[in-house]
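Here are a few exercises to work through with the model open in your viewer. Try each one before you read the solution.

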Amino acid sequence: MDLVLLFPGQGSQKRGMAQDLVATFPAARDVFERGDEALGVSISDLAFAGPDEELTLTHNAQPALFLHGAAVWAAIAAAAAGRVRAAAGHSLGEFTAYYSAGSLELSRGVRLVRRRGELMYETGRAQAGAMAAILGDLSGGVEALCAQATAEAGEVVPANYNSPGQVVVSGTVPGVERAMELAKEQGARRTMRLNVSGAFHSPLMAPAADGLAGALTAAVLTDPAFPVYSNVTGQAITAASAAERLLHQQLTAPVRWTELVERLAADYPDALYLEMGPGNVLAGLVRRISPAVRTQACGTAAEVEALLQLLS
């Protein structure tokens, strides 16, 4: 059975995440212990017990999700050996995908995503920004909508092409608010402001670019053992140099998740797609993009045990 690994991004974190996994699988427990040691703070305590307002902060949520995905991978790696054909992740999850492919060492990887979260948080505090989800089809398309909102109120761009009928826009607060108004006028079923600390995946994140470049260099990426599909291009990446460049570009570029999944599904139509983290957000998006693809959640101890039974 071929496998494709999918790693969720910020927003999927929730109090109690990975706690049962760590209690059940020694390899998963080791991942969190090593992550805490590398950071010098107990991300595991935040992940397991909160408080929610602390766990939700960008510089805490990102390493917590990275460690959860890494812990799931540790629990299934032996059984999955030789079966994984590719991996991908949504925004932050792309970093975890590279970890699963052997491109990042755990301690360096968790420090990298912690620094990424700090840079994004600091940039958002220095220049207020916002993000909003737009659900439903737009009569004129999201690009034209953002261009009009930018001209009328302030810069706003498409940030996440999550699935047909679900996009996220990002930019200045007035720009995003105007985009939400225009979206309703153009047929959107619903618009919703997101609880984030800045305008992620937009040009407003540019002040964090130099810091992220330094953190990526310090992390020392190597070539992945299997292809990792890029958020920026939707293409399969097999070289460390391309991975580092695209992970840097991802900071200010939109997440092209729909295009990425379409390409994955075309390349691996018969694989089982595993969501490696809390929840099943990505599995739901994949089913909307490519309904024929088989998906399975793999974030809790029970879900991991079910997969191990299937693979055996």
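**Exercise 1: the neighbours of a strand**

Strand β3 (residues 130-135) pairs with β5 in the antiparallel sense, over six bridges. Keep in mind that this is a predicted model.

Task: work out which residue of β5 is the bridge partner of Ala 130, and which one is the bridge partner of Val 156.

Solution. Start with β3: Ala 130 has Gly 171 of β5 as its bridge partner. Next, take β4 (residues 156-163), which runs antiparallel to β5 and is joined to it by six bridges. There, Val 156 has Gly 171 as its partner in β5. Finally, look at the hairpin of β4 and β5: two residues sit between the strands, and Gly 165 takes a positive phi near 85°.

**Exercise 2: the faces of β5**

Task: decide which residues of β5 lie on each side, and whether they are buried or exposed.

Solution. One side holds Gln 166, Val 168 and Ser 170, the other Val 167, Val 169 and Gly 171, and all are buried. That fits the count for the strand (residues 166-171): six of its six residues are buried.

**Exercise 3: classify a serine**

Task: say why Ser 107 counts as buried, and find what it touches beyond four places in sequence.

Solution. First place it: Ser 107 is in helix α7 (residues 106-126). The cut-off for buried is under 20% relative accessible area. Ser 107 has 18% relative accessibility, so it counts as buried. Leaving out residues up to four places away in sequence, Ser 107 touches Arg 34 and Ala 38.

Terms used:
Residues are numbered from 1 along each chain as its sequence is written. This is a predicted model: local features need pLDDT of at least 70, side-chain atom pairs count only at pLDDT 80 or more; totals for chains, interfaces and linings use all residues. Side-chain values use heavy atoms; hydrogens and water are left out. Helices (H or I, at least four residues) and strands (E, at least two) are DSSP runs, numbered from the N terminus. Buried means under 20% relative accessible area, exposed over 50%, partly exposed in between (1.4 Å probe, protein chains only). Contact means heavy atoms within 4.5 Å. Two strands pair if DSSP finds at least two bridges between them.
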